[in-house]
Amino acid sequence: MKKILLLIYFLSISSFLLANSAYAKTHVQKSNSQCNSGEVYVRGYTRKNGTHVHSYCRTAPNHTTCDNYSTKGNINPHTNKRGTKRRNRNCATKS
């Protein structure tokens, strides 16, 4: 009986540690030095509802949305996610 309880305890601790290490790998905080040129660093913050937003790098503000990572045709170099927002008419199409 002791062996079974010890095994259950060991498996519980192991799964907890694995889950926490996987979470930590996907929620790595950025630092200002990790931003590329043309990007600005955004500090982590807590929303009114209590949700914590980790720090990140985003494109520097300018007069267009054509170069934003969230715009279709662009890829975020930090997450490798493709943009999903429609391009404006004034954006030149990539060839």
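**Figure 1. Ile8 and the nonpolar surface patch in the predicted model.** Ile8 is found in helix H1, an element that spans residues 2–26. In this predicted model, the side chain belongs to a nonpolar surface patch of about 460 Å², to which Met1, Ile4, Leu5 and Ile8 contribute. Ile8 has a relative accessible area of 48% and is therefore classed as partly exposed, since the exposed class begins over 50%. Helix H1 should be viewed together with its confidence score: among the elements of the protein, H1 has the lowest mean pLDDT, 66.

**Figure 2. The disulfide between Cys35 and Cys57.** The sulfur atoms of Cys35 and Cys57 are 2.1 Å apart, and the two residues form a disulfide. The count for the protein comes to 1 disulfide. Cys35 lies in the loop between H1 and strand E1 (39–42), whereas Cys57 lies in strand E4 (residues 56–59), so the pair ties together parts that are 22 residues apart in sequence. The torsion about the S-S bond is about -85°, and the disulfide is therefore left-handed. Both Cys35 and Cys57 are buried. A disulfide is a covalent bond between the sulfur atoms of two cysteines.

**Figure 3. The surroundings of Thr71.** Thr71 lies in the segment after E4. Its relative accessibility is 3%, and Thr71 therefore counts as buried, the limit for that class being under 20%. When its neighbours within four places in sequence are left aside, Thr71 is in contact with Thr65 and Cys66, and also with Gly83, Thr84, Lys85, Arg86 and Arg87.

**Figure 4. The arrangement of elements along the chain.** The protein has 1 helix and 4 strands, which follow the pattern α-β-β-β-β when read along the sequence. Strand E2 (residues 45–46) has the highest mean pLDDT among these elements, 96. For the protein as a whole, the mean pLDDT is 80, and 77% of the residues reach 70 or more.

**Figure 5. Burial, surface and contacts of the whole protein.** Of the 95 residues of the protein, 16% count as buried; Cys35 and Cys57 are both buried, and Thr71 also counts as buried. The protein exposes about 8200 Å², of which carbon and sulfur atoms supply 57%. Among contacts between residues at least 6 apart in sequence, 18% join residues at least 24 apart.

Conventions
Residues are numbered from 1 along each chain as its sequence is written. Side-chain values use heavy atoms; hydrogens and water are left out. pLDDT is the predictor's confidence in each residue, from 0 to 100. Helices (H or I, at least four residues) and strands (E, at least two) are DSSP runs, numbered from the N terminus. Patches are made of residues with over 30% relative accessible area and no salt bridge: like charges are joined within 9 Å, nonpolar side chains (Val, Leu, Ile, Met, Phe, Trp, Tyr) within 5 Å. Accessible areas come from the Shrake-Rupley method with a 1.4 Å probe; for residues, only the protein chains shown count as cover. A salt bridge is a side-chain nitrogen of Lys or Arg within 4 Å of a carboxyl oxygen of Asp or Glu. Buried means under 20% relative accessible area, exposed over 50%, partly exposed in between (1.4 Å probe, protein chains only). A disulfide is a pair of cysteine sulfur atoms within 2.5 Å. Contact means heavy atoms within 4.5 Å.
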